[in-house]
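Thanks for asking me to look this one over. Here are my notes as numbered points, so that you can follow along with the coordinates open.

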Amino acid sequence: MSTAVSELLKMSFHGSVLLLLVMGIRAVVPRMPKRFAVWMWAVAAVRLVCPFVLTSVFSLMPAVSTPQGGETLTLTLPGDTVSIPVAAYRPDWLTAAAVVWGIGAAVMVLYTAAAFYRTHKTLREAVCLSGNVYECDRIPTPFIFGLIRPRIYVPSSMNEQDRTYVIAHEQAHLRRLDHLWKPLGFAVLTLHWFNPLVWVAYVLFCRDMETACDEQVIGTLGADSKKPYADALINCASTTRRIAACPLAFGETDVKTRVRRVLSYRKPSPLLKAAGMSLCLLLSLCFLTNPAVSALAPVQNEPPQTTVSAVPTTPTAPTAPQTEPTLVQYTQEMTVEAISARVVTAGDTLTVCVRVTDSRGVQNGVQVLLFCENEDGEYRTAAEETTLSLCEGDAKNGIYEGTVTIPQDAQTGDYRLRATYRPVSEKPAFCTAYTPEGEAAVTIV
């Protein structure tokens, strides 16, 4: 449950970055055809619902990670890393958040089901005019209703001229599959109901979807249709203002702005179309992917200082690396008491003893790993990570012992030792110690 909530928050953050970008683009390029704006909203929706994305060297998406200690939020931007202190990670807090999210999502689902049932009940008396066009006495404005077999419903009081333009508009919706995209957008809103940016984005998405259909109809029927089409919009304007998954209502969203755009509509130039398409592609390339680790990984800090002693080594031992991947956390007092053999060969078995002093206690033993750095800077290990068991003392002050078997295919070289354990604590953290810089715990020959 905690992992699911953490992933949801991470998706919400990444999606919010894209939502802000799309809002900014809409404000900077107001004359851009609205169909491109709808595509941009779709790109943002993908980021809001996909927990797994590809990596790319072109990605500009900030990376967010919380170390297991939970005391710092790391925000990785291209070329920079910012650490922000936050409240300690509390599993019980995440559980409470999951319960609150579930209640909010359930309310959204029940609201949608009730609205769907109410509309379905109202349309029982509708009469078929032709094809999938129906007339009903009990509706104030025309709309599309249905997912699998969508129908166009118009008020029986509508005049013939308005009906012609309304049906053209609703058929444009059906060709664009907007009767499916709007419910999908509402599903994204249900998933992220706690994010105010998603609410704003859903309202703007619905407006852009309606305006895109207006532009398509005027572009098809010609400039002479602007005035009667605008009259149809005004005559069908709905006084209802609601956020819902369905239906697709002709005059429900921002009629005043739509009328103004219809009357001033001009076919977009090829340059403006190319710019809109390019913006959609750039958003997809740079923000639907995460930064490649090799391109944006920050320089790792040196591991924290600790009280560590190791078996003496010869002066000729090479300098071991100061860092090892996946190690963040902090260190308590840990001492490598003894290693049974200083120089080993493939297939040998060596004994490792580690003393741990920690007032919180140790759970699940101590894990040790022998590692070194290749000439090309990559890390390799001498054997699988081994768990040492308590053999003397207690969990708060004891000696942990175990054996490590060097596999037959182990590469020769000088290896440092990393000892790790998980303390008994509310915060999921690891405590780690290394043999000192320049000292090798084991040499494989």
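1. Let me start with the inside of helix α9, bearing in mind that this is a predicted model. In α9, the buried residues are G276, C280, L283, C286 and F287. Looking down the helix axis, these buried residues of α9 fall within an arc of 155 degrees, so they line one face of the helix. A general point helps here: an α-helix has 3.6 residues a turn, so residues three or four places apart point the same way. On the other side of α9, P270, L271 and L281 are exposed.

2. The length of α9 is a useful check as well. The helix covers residues 270-287, and its 18 residues should span 26 Å at 1.5 Å a residue. The C-alpha atoms at its ends are 25 Å apart, which agrees with that expectation.

3. Helix α5 can be treated in a similar way. Residues 178-191 make up this helix of 14 residues, and the distance from its first C-alpha to its last is 20 Å, close to the 20 Å expected at 1.5 Å a residue. Its buried residues are D178, H179, K182, G185, F186, V188, L189 and T190. You will see that charged residues, D178 and K182, are among them.

4. Please also look at H192, in the loop between α5 and α6 (196-221). Is H192 buried or exposed? With a relative accessible area of 0%, H192 is buried, since the cut-off for that label is under 20%. A polar atom of the H192 side chain lies 2.7 Å from the backbone oxygen of L48.

5. On the surface, L147, I148, L177, L180, W181 and L184 make a nonpolar patch of about 630 Å². One of these residues, L147, sits in the loop between β7 (143-145) and β8 (151-155). L147 counts as partly exposed because its relative accessibility is 44%. L177, another member of the patch, belongs to the loop between α4 and α5. L177 is also partly exposed, at 40% relative accessibility.

6. Backbone angles deserve a glance at two places. L177 has a positive phi of about 60 degrees although it is not a glycine. N364 is likewise not a glycine, and its phi is positive at about 65 degrees. N364 lies in strand β14 (residues 362-373), and its relative accessible area of 63% makes N364 exposed.

7. Now for the charged pairs. How many salt bridges does a search of the whole structure find? The search finds ten. One pairs E135 with R163, whose closest N and O atoms are 2.9 Å apart. E135 is in strand β6 (residues 133-136) and R163 in helix α4 (residues 160-175), so this pair ties together parts that are 28 residues apart in sequence. E135 is partly exposed, with a relative accessible area of 21%, whereas R163 counts as buried at 11%.

8. A salt bridge also joins the side chains of D214 and R258, at 2.8 Å from N to O. What does this pair tie together? D214 lies in helix α6 and R258 in helix α8 (residues 255-263), so the contact links parts that are 44 residues apart in sequence. D214 counts as buried at 2% relative accessibility, and R258 is buried at 2% too.

9. The side chains of R418 and E385 form a further salt bridge, with 2.5 Å from N to O. R418 is part of strand β18 (residues 413-423), while E385 is in the loop between β15 (379-381) and β16 (386-394), so the pair ties together parts that are 33 residues apart in sequence. R418 counts as buried at 7% relative accessibility, but E385 is partly exposed at 41%. Elsewhere, R26, K34 and D208 are joined into one network by salt bridges that share partners.

Technical notes. Residues numbered from 1 in each chain as written. Predicted model: local features only at pLDDT ≥ 70, side-chain atom pairs only at ≥ 80, totals over all residues. Heavy atoms only, no water. Patch = residues over 30% accessible without salt bridge, like charges linked within 9 Å, V, L, I, M, F, W, Y side chains within 5 Å. Areas by Shrake-Rupley, 256 points an atom, 1.4 Å probe, with all protein chains shown as cover. Salt bridge = Lys/Arg side-chain N within 4 Å of Asp/Glu carboxyl O. Helix = DSSP H or I, 4+ residues; strand = E, 2+ residues; numbered from the N terminus. Buried < 20%, exposed > 50% of the residue type's maximum accessible area, 1.4 Å probe, protein only. Expected span 1.5 Å × (residues − 1). Arc of directions from axis to C-beta. Polar contact = N/O pair within 3.5 Å; in protein donor to acceptor, adjacent residues only side chain to side chain.
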